[in-house]
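Hi,

Here is the model I promised to pass on. Have a look at it first, and then read on for my notes.

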Amino acid sequence: MDVLDIDVLDIDVLDIARWQFGITTVYHFLMVPLTIGLGALVAVMHTLWVGTDKPEWLRMTRFWGRIYLINFVLGVATGLVQEFQFGLAWSEYSRFVGDVFGSLLALEALLAFFLESTFLGLWIFGWGRIPKKLHLAALWAAVVGSIVSAYFIIAANSWMQHPVGVEVDDTTGRPLQVDFLAVLTNNTALAAFSHAIVAALVVAGALLVGIGLWHLRRRKLAGQPSTDIDHAVWRRSVRLGGWVSLAAFVLVALTGDWQGKLMYEQQPLKMSSAEALCETEAPASLSVFAWGKLGSNECDDVHSITVPYILSYLAHGDFSTAVPGVNELQEEYAAVYGATYPDDPSRFGDKAGEPIDYTPLLGVTYWSFRLMIGMGAVSAGVATYALWATRRGRVPTSRIGVHGSLLAVAAPFVANATGWVFTEMGRQPFVVHPNPDVPVGEQTYFFTAQAVSPGVTAAEVWTSLSLLTLVYGALAVVELWLITRFVRRGVPTGGHTPNDAAPTPGHTPEGTPEPREDDDVLQFAY
């Protein structure tokens with residue numbers, strides 16, 4: 001018997017391919033918000049150095065710039081896999097969305113990514129070689145490039161959540177893009193993009209707070225002075241990170257509310273599943289804690305502790321709006337889009353002829369939604385503690401508070417990852433969700449069961465999943481080792497001339513320490 005013909009662990013191709021895409025995408029997305037958020041803060045630090053010539057801002061720029069570059073390099077390496085997966089495991093999906101995604105991904109690569117990588121290279125190698133204002137402009141161009149790149153990717157993903165600007169080809173059944181501007185200005189994309197950008201700032205702020213507090217405490221216990229430049233570096237890092245985290249958390253709540261109201265209109269079943277709301281309620285209550293058979297999607301055996309009226313407000317901005325329940329919506333979707341998958345194994349594989357469960361996994365949507373909110377609140381709480389503990393020049397020495405803040409650096413990463421999981425799994429079983437504003441006969445939608453590559457076997461996808469998991473695990477070890485190494489080493493004591501011209505060989509400007517042998521923004525790469 002050929003071992004490769006065996007259905008590995010009785011899991012079909014679709015499920016393995018979804019696991020592979022989920023693992024690699026979530027892993028990559030852990031790096032994306034740090035790249036965007038920390039890049040913006042490093043640009044702010046660099047701007048303050050150019051404007052003030054204060055050495056602490058230069059040292060902050062170079063220290064946090066190293067962390068930014070390490071994360072950027074690993075992010076690029078893991079992001080490339082996402083593109084290849086479309087053609088390898090999801091070829092039918094690629095064919096279906098190709099007319100829409102082609103322009104978006106081309107612009108992301110040719111415009112945004114080249115802008116980002118080119119100017120980032122100028123920033124890396126331009127220290128002391130080009131005028132410092134031009135050097136600063138290069139960093140800002142790279143940061144803007146990363147933000148623009150994120151917008152094109154989010155616009156593509158948001159089209160899957162809420163397809164606009166297309167017409168269905170009567171011959172192929174595929175969407176043809178007729179209004180590129182409508183795709184770019186999709187209200188789902190605008191809400192998701194704003195939410196993602198401010199969430200990225202929470203991630204960067206938490207990193208500054210956790211590492212800054214750890215260094216302040218370590219210096220205090222070692223009896224190091226609070227009047228030197230290094231003390232100012234860590235104190236300003238903590239204060240900057242704390243204020244950015246708090247402000248961004250408020251904006252995260254506001255943009256999240258915007259997304260919630262769009263979700264009520266565009267994907268009501270996702271909202272009801274996030275609340276384990278089995279039956280329609282008017283007014284609807286917000287679930288605080290649920291128990292029962294969430295994992296098996298048996299909605300009638302789910303119980304919740306609730307707060308009255310709040311879900312109605314989140315859905316529609318008032319306290320009386322009816323929110324449809326999971327059971328009612330399941331029946332509506334089955335009536336409109338079919339109770340079973342078409343009996344066509346060539347298009348639907350093992351799902352052909354099976355009943356369609358339009359309800360996302362209740363356990364995943366319910367708890368990922370709460371983890372997202374809860375971890376965001378943890379970040380805001382740590383930021384508040386950091387600002388209070390460092391007020392009026394104080395240095396916190398509490399082991400629990402400081403080490404807790406360092407551990408809490410992970411909180412916004414978890415919030416971003418679980419938010420992404422909620423967004424993607426909440427629209428299942430659709431990979432392209434129908435737009436409820438379009439008449440049923442003209443809607444564009446695509447089932448996930450249709451999207452997987454028809455010629456790929458379970459063993460093949462299982463092999464690629466195992467290999468990618470091992471490679472990504474190794475990359476995670478490398479990144480954590482590099483970041484830990486440079487965090488422990490602390491602030492680079494070397495510096496570059498604050499003058500516009502390149503430094504004179506053998507000359508060190510007054511007030512600038514002699515450079516150390518390891519004082520290189522790319523030291524981690526050697």
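First, a quick one to get you oriented: in which loop is Tyr 309 found? Tyr 309 sits in the loop between E4 and helix H9 (310-316). I ask since Tyr 309 is not a glycine, yet has a positive phi of about 75 degrees. Its relative accessibility is 45%, so Tyr 309 counts as partly exposed. Please keep in mind throughout that this is a predicted model.

**Backbone oddities**

Most residues other than glycine have a negative phi, and most peptide bonds are trans. Against that background, a few more spots caught my eye.

Arg 392 also has a positive phi, near 50 degrees, and is a residue other than glycine. You'll find Arg 392 in the loop between H12 and helix H13 (399-407). With 79% relative accessibility, Arg 392 counts as exposed.

Then there are the cis peptide bonds. One runs from Ala 282 to Pro 283, with omega near -5 degrees, and Pro 283 belongs to the loop between H8 and E3. Another joins Gln 428 and Pro 429, where omega is about 15 degrees. Pro 429 lies in the loop between helix H14 (410-425) and strand E5 (430-432).

**Salt bridges**

The count comes to 8 salt bridges. Side chains of opposite charge can pair when their charged atoms come close. Here are some of the pairs I looked at.

Asp 53 and Lys 132 meet through their side chains at 2.7 Å, N to O. Asp 53 is in the loop between helix H1 (13-52) and H2, while Lys 132 is in helix H4 (residues 132-161), so this pair ties together parts that are 79 residues apart in sequence. The two partners differ in cover: Asp 53 is partly exposed at 41% relative accessibility, whereas Lys 132 is buried, with a relative accessible area of 8%.

Glu 275 and Arg 370 form another salt bridge, with the closest N and O atoms 2.9 Å apart. Glu 275 comes from the loop between H8 and E3 and Arg 370 from helix H12 (residues 362-389), so parts that are 95 residues apart in sequence are tied together by the pair. Are the partners buried or exposed? Glu 275 is buried at 6% relative accessibility, and Arg 370 is buried as well, with a relative accessible area of 16%.

A local pair is found in helix H7 (residues 229-266), where Lys 261 and Asp 257 lie 4 residues apart, about one turn of the helix. Their side chains meet in a salt bridge at 2.7 Å, N to O. An α-helix has 3.6 residues a turn, so residues three or four places apart point the same way. Asp 257 counts as partly exposed, at 27% relative accessibility.

Next to Asp 257 in the numbering, Gly 256 also lies in helix H7. Gly 256 is partly exposed too, with 25% relative accessibility. Gly 256 and Leu 314 are 58 residues apart in sequence, and their C-alpha atoms are 9.7 Å apart in space.

**Surface patches**

On the surface, Val 288, Phe 289, Trp 291, Ile 305, Val 307 and Trp 367 form a nonpolar patch, with about 540 Å² of accessible area together. E3 and strand E4 (302-307) are the elements that give two or more residues to this patch. Which of them gives the most? That is E3, with 3 residues. Val 288 is in strand E3 and counts as partly exposed, at 47% relative accessibility.

There is a negative patch as well, formed by Glu 279, Glu 328, Glu 331 and Glu 332. Glu 279 is placed in the loop between helix H8 (268-274) and strand E3 (286-292). With a relative accessible area of 45%, Glu 279 is partly exposed.

**Helix H2**

Last, a check on helix H2 (residues 55-88). At 1.5 Å a residue, its 34 residues should span 50 Å, and the end C-alpha atoms are indeed 50 Å apart, so the two values agree. H2 is mostly covered, with 25 of its 34 residues buried.

Happy to go over any of this with you.

Cheers

How values were computed
Residues numbered from 1 in each chain as written. Predicted model: local features only at pLDDT ≥ 70, side-chain atom pairs only at ≥ 80, totals over all residues. Heavy atoms only, no water. Patch = residues over 30% accessible without salt bridge, like charges linked within 9 Å, V, L, I, M, F, W, Y side chains within 5 Å. Areas by Shrake-Rupley, 256 points an atom, 1.4 Å probe, with all protein chains shown as cover. Salt bridge = Lys/Arg side-chain N within 4 Å of Asp/Glu carboxyl O. Lys, Arg positive; Asp, Glu negative; His and termini not counted. Charge placed at Lys NZ, Arg CZ, Asp CG, Glu CD. Buried < 20%, exposed > 50% of the residue type's maximum accessible area, 1.4 Å probe, protein only. Expected span 1.5 Å × (residues − 1).
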